[in-house]
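Good morning, colleagues. I should like to take you through a few side-chain pairings in today's structure. Please look at the sequence and the model as I speak.

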Amino acid sequence: MDRDETEIRELIARWMQATKAGDHDAVLELMCDDVVFLTPGLPPFGKPEFAAAQRQQQAMAMRIDSHGEVLEVHVAGDWAFAHARLRVEVRKGDSDQTFVRSGHALSIFRREQGRWRLARDANLLAPE
């Protein structure tokens, strides 16, 4: 595994760790300012909308825990893509009710000032 692939895999792991810890600033730092997210049933959205959703989740005391496996990473210059299988568990506050979504994601990364950041993300997770 080369250095770029290792860095991208580590970025994905940091994203999951920061999300679980509720460290929203750390998550935002891992994405490009012009990032675009594609999810089923919603129009594409960017970093400001992602940040607003994080603030809303925090206000609702939502706890998010994700697990996954990066199935492949390919690097071409300052661009790369990764295909991952993910499982995300969301719990609101102290509720016993957990919402679970799982599926695949295809993420595109761009190297900016020597650091890999998420540039595009097609998240195909569906309720389990």
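**Polar and charged side-chain pairs**

Let me begin with Asp4, whose side chain makes a polar contact of 3.2 Å with the side chain of Trp116. Please bear in mind throughout that this is a predicted model.

Asp4 belongs to helix 1, which covers residues 3-21. Is Asp4 buried or exposed? With a relative accessible area of 16%, Asp4 is buried, because buried here means under 20%. Which residues touch Asp4, once its neighbours within four places in sequence are set aside? They are Val75, Arg111 and Trp116. Trp116 therefore appears both in this set of contacts and as the partner in the polar contact.

I turn now to the salt bridges. Side chains of opposite charge can pair when their charged atoms come close. How many salt bridges does a search of the whole structure find? The search finds 14, and I shall discuss three, including one within helix 1.

That one joins the side chains of Glu5 and Arg9, with an N to O distance of 3.0 Å. Glu5 and Arg9 are four residues apart in helix 1, so about one helical turn separates them. The two partners fall into separate accessibility classes: Glu5 counts as buried at 17% relative accessibility, whereas Arg9, at 24%, counts as partly exposed.

The next salt bridge is formed by the side chains of Arg115 and Glu29, again described by an N to O distance of 3.0 Å. Arg115 lies in strand 5, residues 115-123, and Glu29 in helix 2, residues 24-29, so this pair ties together parts that are 86 residues apart in sequence. Arg115 is partly exposed, at 35% relative accessibility. Glu29 is also partly exposed, with a relative accessible area of 37%.

My last pair is Glu112 and Arg117, whose side chains meet in a salt bridge of 3.5 Å, N to O. Glu112 is partly exposed, at a relative accessible area of 25%, while Arg117 counts as buried at 13% relative accessibility. Which residues are joined into one network by salt bridges that share partners? They are Glu29, Asp34, Arg110, Glu112, Arg115 and Arg117. Both Arg115 and Glu29, from the pair that links strand 5 with helix 2, are therefore members of that network.

To close, I would ask you to keep two views in mind: the buried Asp4 with its polar contact to Trp116, and the salt-bridge network that includes Glu112 and Arg117. Thank you for your attention.

Technical notes
Residues numbered from 1 in each chain as written. Predicted model: local features only at pLDDT ≥ 70, side-chain atom pairs only at ≥ 80, totals over all residues. Heavy atoms only, no water. Helix = DSSP H or I, 4+ residues; strand = E, 2+ residues; numbered from the N terminus. Buried < 20%, exposed > 50% of the residue type's maximum accessible area, 1.4 Å probe, protein only. Polar contact = N/O pair within 3.5 Å; in protein donor to acceptor, adjacent residues only side chain to side chain. Contact = heavy atoms within 4.5 Å. Salt bridge = Lys/Arg side-chain N within 4 Å of Asp/Glu carboxyl O.
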